[in-house]
Amino acid sequence: MPKTSSQPARTGRPPKISRQDIVAAANAVIDTDGVEKLTMRRLATELGCTAMALYHHVRDKEDLLRLLLNDYADRVEWPQLPDDPRARIIVAATAMRDVLAARPWIVEILVADDLLGVSALWVAESIVAGAMDCGLSADEAVRAYRAIWHYTAGEIIIRARSAARAAEDRPTYREQIFADLDPGELPRLAEIGPRFLTLAAEDTYAQGLDALVSGLLLNRSVH
């Protein structure tokens, strides 16, 4: 006869889950399948719990994303800022780009809604303060930050999507177009030809940021 276990079957409540368990499991889902596949039901399955158990920690997906953003921002080690205010703007913006480029999905969330890790306000504070120390008014400094943020977010989103398309290893529509441009209609682009795509793929964030900051600081009003 088969042996029967002397230990009784486990009953009662399942093991408790912590917020850190939730963060780890949610990040794993995002890394594997993307943020669009992260749902409360999927997360509960990954954690081996019920969706109701999750609601003791997060109210909904928006609250979950806020938790992930805050957790990531809290773990970032922001760089020391130089004394020169213009250089501070450059360093802060570059740090923002580097931190967000490691998690491109965060940018997609930030540009779609107002979710923001409080710790990440270090970037806004540093850029706005640097701009004001360069002579911009408070209003101008906020507008300068907005322009830098838009430039940075666009750079990250475009590069992330380009990388995803490149991973598919198939010709793109742009490649087909630039391979056979009509010199009569588009003489300069036809002269550059497919090299246009190679040049456009170069990482020119630093040069663009420098030019953008220079233009923004020149646009200050007289106080």
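Biologist: Which exposed residues does the face of α2 turned away from its buried side carry?

Modeller: This is a predicted model. In α2, Met 40, Leu 43 and Ala 44 are buried. They span an arc of only 100 degrees around the axis, so they sit on the same side of α2. The face turned away from that buried side carries the exposed residues Arg 41 and Thr 45.

Biologist: What covers the buried residues of α2?

Modeller: The residues to be covered are Met 40, Leu 43 and Ala 44. The cover over them includes α1, α3 (51-54) and α4.

Biologist: Which residue just after α2 takes a positive phi?

Modeller: The phi in question is about 70 degrees, and it falls just after α2. The residue with this positive phi is Gly 48.

Biologist: Which residues touch the most other members of the largest nonpolar core, and which helix gives the most to this core?

Modeller: The largest nonpolar core has 50 residues, and Leu 38 and Trp 105 touch the most other members. Helices that each supply at least two residues include α1 (19-33), α2 (40-47), α4 (61-75) and α5 (85-101). With seven residues, the helix that gives the most to this core is α8.

Biologist: Leaving aside neighbours within four places in sequence, which residues is Leu 38 in contact with?

Modeller: Leu 38 is one of the two core residues that touch the most other members. Once neighbours within four places in sequence are left aside, its contacts are Ala 26, Val 29, Ile 30, Leu 43, Lys 61, Leu 64, Leu 65 and Leu 68.

Biologist: How far apart are the closest N and O atoms of Asp 33 and Arg 42?

Modeller: Side chains of opposite charge can pair when their charged atoms come close. Asp 33 is partly exposed at a relative accessible area of 32%, and Arg 42 is partly exposed at 26%. The two form a salt bridge, and their closest N and O atoms are apart by 2.8 Å.

Biologist: What separates Glu 62 and Arg 66 in helix α4?

Modeller: The side chains of Glu 62 and Arg 66 meet in a salt bridge, at 3.4 Å from N to O. Glu 62 is partly exposed, with a relative accessible area of 37%, and Arg 66 is partly exposed, with 25%. Because they are four residues apart in helix α4, what separates them is about one helical turn.

Biologist: How many residues apart in sequence are the parts that Asp 210 and Arg 86 tie together?

Modeller: Asp 210 forms a salt bridge with Arg 86, with 3.0 Å between the closest N and O atoms. Asp 210 lies in helix α12 and Arg 86 in helix α5, so the parts tied together are apart in sequence by 124 residues.

Biologist: How many aromatic pairs does the structure hold, and what is the angle between the planes of Tyr 151 and Tyr 205?

Modeller: The structure holds three aromatic pairs. Tyr 151 and Tyr 205 form one that is stacked, 5.1 Å centre to centre. This pair links helix α8 with helix α12, its residues being 54 apart. The angle between the planes of Tyr 151 and Tyr 205 is 10 degrees.

Biologist: Is Tyr 205 buried or exposed?

Modeller: Its partner Tyr 151 counts as partly exposed at 23% relative accessibility. The cut-off for buried is under 20% relative accessible area. Tyr 205 has 1% relative accessibility, so Tyr 205 counts as buried.

Key:
Residues are numbered from 1 along each chain as its sequence is written. This is a predicted model: local features need pLDDT of at least 70, side-chain atom pairs count only at pLDDT 80 or more; totals for chains, interfaces and linings use all residues. Side-chain values use heavy atoms; hydrogens and water are left out. A nonpolar core is a set of buried Ala, Val, Leu, Ile, Met, Phe, Trp, Tyr and Cys residues joined through side-chain atoms within 4.5 Å. Buried means under 20% relative accessible area, exposed over 50%, partly exposed in between (1.4 Å probe, protein chains only). Contact means heavy atoms within 4.5 Å. A salt bridge is a side-chain nitrogen of Lys or Arg within 4 Å of a carboxyl oxygen of Asp or Glu. The arc is that of the directions from the helix axis to the C-beta atoms. Rings of Phe, Tyr and Trp (its six-membered ring) pair if their centres lie within 6.5 Å; planes under 30 degrees apart count as stacked, over 60 as edge-to-face and the rest as tilted.
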